[in-house]
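Trainee: I'd like a close look at one part of this model. Please keep it brisk, and put it in the context of the whole chain.

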Amino acid sequence: MDPKFFGKRGFLIIVAQAFMRIFLAYSSGVIRRLAVSMPPRAGKSYISSLFVAWMFGHFPEESVMRNTCASDLYNKFSYDTRNIVKSKRYQEIFTEIKLSQDKKNVKGWNLSTSRQVGYFGGGVGGTVIGFGASMLAMTDDLYKSLEDALSDNNNEKVWSWKQGTHDSRIEGNCCSIDIGTRWSEQDVLGKLEEQDKYDEIIRIPALDENDETFCADVHTTEYYHEVRDDIDDSIWEAEYMQNPIEAKGLLFPKSKLMRFKAEHLKGEPDGVIGACDVADKGDDDLCAPIGPVYGDRVFITNVTFTKDPVEVTEPLLAQAIIETKCDRMRVESNNGGRIFGKNIRALVVKEKGKCEIQTRPTTQNKDTRILMKSGWIKKHCCFLEESEYEKGSDYDRFMKALTRYKKEGGNKHDDAPDGMTILAEFIASLGINLKKKKRQVAKRTALGA
C-alpha cells in the first residue's frame, strides 16, 4: 500500500508478522492477544489501520472495535481506515469489499456484507453501546499524555473503562491487540502483562544495543541522545525505551546538579527571571528562586525559602526582586497566591522597581509536574557552590530540600522542587528555547561542563 513509507522502516516487519499471527489465529478459531509498544511517531497507528483493512478483506462480514484515548483520535483512525478500504489500490486487491451506502459515518461504519456495525469504537470514558467486536478488539494509545499515564487516579479510570466498556463488547473468538507506549508498570499494558494475559509482547526501543537509533527515518541517533540528556531517566526508559521503571532514589542528587560561583558571571545577562511557590500549609515553605539567564543556562543566585508569614515574606520577596533586577516573576496563584502576587507587585512599584509579575494557577498533579521538568532543570539550571552561601540560610535550606526529594513519593515537603518546576514552566510559557541559544557568556568552565 505504501512502499515509500515502509521501505524506510524495516522494523515494522516485526509488527506486521505479529499481526499476521493474529490473522492466522482468528482464521483457526483461536483467541490470541498481542501487545505492541514502540517510540512515538514510529508508525504503529498507520500499520494498525492497514491491518484492520486487511482483516476486513478476508472476513468482510465481521466487526472490529478500536478504542483510543479520545474521541477525536478515534475519529481520525476511523477516517484513515475507511479511506484505505475505499482506495483504488485496496480495491484492486479485495475487489468484492465495498462500503455500505447506509452506514459510513466515521463514528461507525459498515461494509456491504457486515452483519452488524463493521467498525466502531470511541475514546476512553465514552460509551460503546449495542455493538459487539466479533473479529478484532484493539486499543491504540489509551493515554493522552505522560501526565495522564503517571496519574494514579487517571490510570484507575482508564483501567476501569477498559474492563467495564471495552472488554464487555468482545464476542466469541475475537482476538485482541493493545498498542501504546509502556509508561508505567501500572498502566493498562503493564497490568495485563502482570496478569499474563498476552500470548505475545513486542517492544521496540528507540536505541539499540549499540546505542544507535532503531530507525533513522523516525529520528536520528543524535536526536535520541539529546532527548535522553534532557529528561529524567525514568521517563526516557518508559516513553522511548519501552522499559517502564518505577521512579526510585533521589530526583535531584547533588552529583547531577550544575554548580557555579557568582564571581564567574560576567557581562549583562539576557534577562533575570523568577518564580514563587506560595506556602500551602503552615509547615510549608514559600519558595522563590530568582536568577539571571546567560545563553542556555539559568543561574539561581537568590532564593527566598522561609516559613515566615505573608507580612514578612511579601516585603522580603519584593526586596529580592528589586535587588536582583528581576525582569519577570511568576507566582502560583493557588492558596492565596493571587493576592500575594498583587501585593508583591504593589510593593515593587512603590519602591520604583520594574518587574512583570504574573499569577497563574496550577491544576495538574504536582508530583507529575516535578518529574516531567526534572530533566530540564538538571540540564539548564545552575546552583551556587556550597561555599557561596551560609549554612542555615534560605539558600542552604532550599538546596537541602531540593536534593532530598525522592522519586518514589512519600515526601513530606515538595516546596523546593515545586518552586523550580514553576520556574521551568514559566520559561517554557515565554517561548524561550534555551537549547538553541548560541550566545557565549559566563564561560562554561564556571559550570564544570
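Trainee: Where along the chain is the place of Gln242?

Mentor: Gln242 lies in the loop between H10 and strand S9 (258-260). Helices (H or I, at least four residues) and strands (E, at least two) are DSSP runs, numbered from the N terminus. Two ground rules follow. Residues are numbered from 1 along each chain as its sequence is written, and side-chain values use heavy atoms, without hydrogens or water. The model is predicted: local features need pLDDT of at least 70, side-chain atom pairs count only at pLDDT 80 or more, and totals for chains, interfaces and linings use all residues.

Start with the backbone. Phi of Gln242 is near 55°, a positive value, and the residue is not a glycine. Most residues other than glycine have a negative phi. Next, exposure. Gln242 is buried, at 1% relative accessible area. The cut-offs are under 20% for buried, over 50% for exposed and partly exposed in between (1.4 Å probe, protein chains only).

Now step back to the helices. H10 spans 233-240. Helix H9 covers residues 221-230, and its buried residues are Thr221, Tyr224, Val227 and Asp230. An α-helix has 3.6 residues a turn, so residues three or four places apart point the same way. The cover over the buried residues of H9 includes H10 and helix H13 (366-380). Cover here rests on contact, meaning heavy atoms within 4.5 Å.

Set Lys325 beside Gln242. Lys325 also has a positive phi, about 60°, and is not a glycine. It sits in the loop between helix H11 (310-324) and strand S14 (328-332). Lys325 counts as exposed, at 65% relative accessibility, whereas Gln242 is buried.

Finally, the whole chain. The protein chain has 15 helices and 16 strands. Its C-alpha atoms fill a box of roughly 80 × 45 × 40 Å along the principal axes. Of its 449 residues, 52% are buried. Take the contacts with a separation of 6 or more: 74% of them join residues 24 or more positions apart. The exposed area is about 21,200 Å², with carbon and sulfur atoms supplying 48% of it. That area comes from the Shrake-Rupley method with a 1.4 Å probe.
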